[in-house]
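Please explain how this structure is put together, taking its chains and the contact between them in turn.

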Amino acid sequence: MELLSGADMLIRSLQDEGIEYIYGYPGGAALHIYDALFRQDKVKHILVRHEQAAVHMADGYARASGKPGTVLVTSGPGATNTITGIATAFMDSIPMVVLCGQVASTLIGEDAFQETDMIGVSRPVVKHNISVRHPSEIPEVIRKAYYIAATGRPGPVVVDIPKDMTTPNERYEYEYPKKVKLRSYNPAIRGHAGQIRKAAEMLLAAKRPVIYAGGGVVLGKASDQLTELAHMLGHPVTNTLMGIGGFPASDKQSLGWLGMHGSYESNMAMHHSDLILAVGARFDDRVTNATEKFCPGARIIHIDIDPASISKTVEADVPIVGPVDSVLKELISLVRESKAKPDKDALKAWWKQIDEWRAFHGMRYEKSDTHIKPQEVIEALHRLTNGDAYVTTDVGQHQMFTAQYYKFNKPNRWINSGGLGTMGFGLPAAMGVKLSYPDDEVICVTGEGSIQMNIQELSTCKQYNLPVKIVNLNNQALGMVKQWQDMNYESRHSQSYMESLPDFIRLAEAYGHVGIRIDRKEDLESKLKEAFAMKDKLVFIDIYVDPHEHVYPMQVARGSMKDMWLSKTERV
Amino acid sequence: MRRIISVLLENEPGALSRVVGLFSQRNYNIETLTVAPTEDETLSRLTVTTTGSDRVIEQITKQLNKLIEVVKLVDLTEGSHIERELMLIKLKASGSQRAEIKRTVDIFRGQIVDVTSTVYTVQLAGDSDKLDAFIQAVGTTGVLEVVRSGVSGIARGEKVLSI
């Protein structure tokens, strides 16, 4: 057997795990590892400008590919800088392994230079974390880390590696474990047959059903099964913000997404339904509004890989713990074989009602003769990219507009920080996607507030030639904060206006990229085309949009799902 | 409602802090907590008493089960069970008090495990209510120090929590 140092074992383990890219930033405690990285060429390292961005890059890659991302940083500040990124991935159940250097084990607890208890600091925001206690453990620890990160409900795993675990001249036998077995970790591999049968019966008997599909459909690679089941049953489908793309938005059975800024028809349909099939969703407060007023007439079937997500905020009538793809497959065959058929008359009446809601509101906004509306920018992007781009966003109004007006027909293309709501996510996430999908169009829709939270990564884009398109919906304010202040604080815009915005065009140019400014409505389409024609260039498109625009629909706080503002003046 | 949750946990550094962290992170109560290795040295047995609505308790058990190092757990209060807590209590004991305290200790089936001319140290085991009752019986004015172990529990009959 081969003898390798801890550092070499670590890199070999990554190779054997099939890892192509890692994103990171070197420092003292990680130098043995960085040296091992230098002496091979299979695992490629991307040097970011801030560790938070490394995590978002790994995250963007993971969301687009469905495979775990990998991060490498040093101890202390290197490790703590990853925390926001890790928490972002944790909230959205994104598989990821974060390798952190640590001071030598002999120094731990002595407040050594760049020492932080990363195991303690990261504990509340990881699926698991592991500290390496002997160099010979490294292959097993790495195998375990990826296994835990990617199976069951996915999530980030932190591996803490004290410097003396990677000492170059101490060598151990290397063998990468083929399998890993943990007696205390056995994610469900199929749902309960009896419960699934019960669910199938209820679905076939439903008169006003809604399928409420979450991020679990995307993560669980179950879009095809979901689409097949929905078509067999003829039921309407609404996606959560995280589930966008899990069911084709252009399908006539799609109601769009639901919740705080979801479509009028999806929120109305949920509220009036008699049966909700929740698939890989977690009844988040941004979906349910006040839980005590949530969908009063509905019985709930809830499929999820994580038992703790079931009946957490809203009680499920039929809980099914299992991987969504396998449970949906079983439902499909039960529905196919069943003697009972969907209640055609009831469904016809239900669709008639839904079509009335669609006609009453649908997705709409008021056009302007003078201002560029943010919504029309997104519609133009959708047209210019044939609805087939990878689109990342930051957090705020621009994120909601993108989710509302870019109609995603495929999973894994809509990439946003839905759970934690992390500003600064969009650009590095787009970079992670572009690196692995160089031939696809990758757009980061952002705002002038969010983009400045990780703008330093323009430099990384130059170094690795990552020609993403940055679409900055510039309203010269923290738009969502301002909207809430307009609605709830009598327009007292406390700290939501940004003075002294940089000249983004010159900033992009300073980093070696192209900047385009769009401030006239008539230039929108042509200048966007110009930007997208520059295939091999990062183009920063700074678009001055209507600064007074609000995102609607918007659920009324503490109301039920059907209580919404439809514009600044219409409330239903 | 008060519940006793018994957990088999991998006996590894950091495992206990995950359990404790989970309770504070998710705003659950811990009333008592005991933990020690079992006859299988790779496992610790942890007993936590907590209070909460049925929904909160369901979440606590589910969230605990999600921790990678939790091997198995049981809510002992769901079935008939035995619970015990150990108390060591130091009492002022001089003159006529000494006989009175001795009698009370006997009634509660406790033992005086250390004696000075003015102090008795009493050891008492039982469920938590019994220990509370003893403190009430001797009167709080005479109590110098109390140390309680927290609750340990086990199911009655043939049910066992093991892997």
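The paragraphs below turn to chain A, then to chain B, and then to the contact between the two chains.

The model under discussion is a predicted one. For residues 5-117 of chain A, an unreviewed UniProt entry lists a domain named "Thiamine pyrophosphate enzyme N-terminal TPP-binding". Over this stretch the chain is 42% helix and 19% strand, and 24 Å separate the C-alpha atoms at its two ends.

Further along chain A there is an open sheet of six strands, paired in parallel and ordered S11-S10-S9-S12-S13-S14. Strand S11 (254-257) and strand S14 (318-321) of chain A are its edges, each pairing on one side only. From one strand to the next, the twist averages 15 degrees. Strands of a sheet pair through backbone hydrogen bonds, in either a parallel or an antiparallel manner. Strand S13 (residues 299-304) of chain A runs parallel to S14(A), and four bridges join the two. A:Asp304 has A:Val321 in S14(A) as its bridge partner.

A helix accompanies this sheet. Helix H11 (residues 264-272) of chain A lies across strand S9 (209-213), strand S10 (237-239), S11 and strand S12 (275-279) of chain A, and its direction makes an angle of about 105 degrees with S11(A).

A single residue of chain A may be examined in more detail. A:Arg517 is placed in strand S19 (residues 514-518) of chain A. Is A:Arg517 buried, exposed or partly exposed? A:Arg517 has 17 other C-beta atoms within 10 Å, and is therefore partly exposed. Apart from neighbours within four places in sequence, A:Arg517 is in contact with A:Ile505 and A:Asp542. A:Val97 lies 420 residues away from A:Arg517 along the chain, and their C-alpha atoms are separated by 39 Å.

Chain B comprises four helices and eight strands, which follow the pattern β-α-β-β-α-β-β-α-β-β-α-β when read along the sequence. Its C-alpha trace spans about 55 × 35 × 30 Å along the principal axes. Of the 163 residues of chain B, 26% count as buried. Among the contacts in chain B with a separation of 6 or more, 73% are between residues 24 or more positions apart.

The two chains also touch. Chain B contributes 15 residues to the contact and chain A contributes 13 residues. On the side of chain B that touches chain A, the elements giving two or more residues are helix H1 (15-25), helix H2 (54-66) and strand S4 (70-75) of chain B. H2(B) gives the most to this side, with five residues. The residues on this side of chain B comprise four nonpolar, five polar and six charged.

Methods:
Residues numbered from 1 in each chain as written. Chains lettered and ligands numbered in written order. Predicted model: local features only at pLDDT ≥ 70, side-chain atom pairs only at ≥ 80, totals over all residues. UniProt positions renumbered as here; feature names shortened; annotations may be inferred. Buried ≥ 20, exposed ≤ 12 C-beta atoms within 10 Å, placed from the backbone. Contact = placed C-beta atoms within 7 Å. Nonpolar A, V, L, I, M, F, W, Y, C, P; charged D, E, K, R; others polar. Pairing = 2+ DSSP bridges. Axes fitted to C-alpha atoms, helices over the stretch in contact; angles between N-to-C directions.
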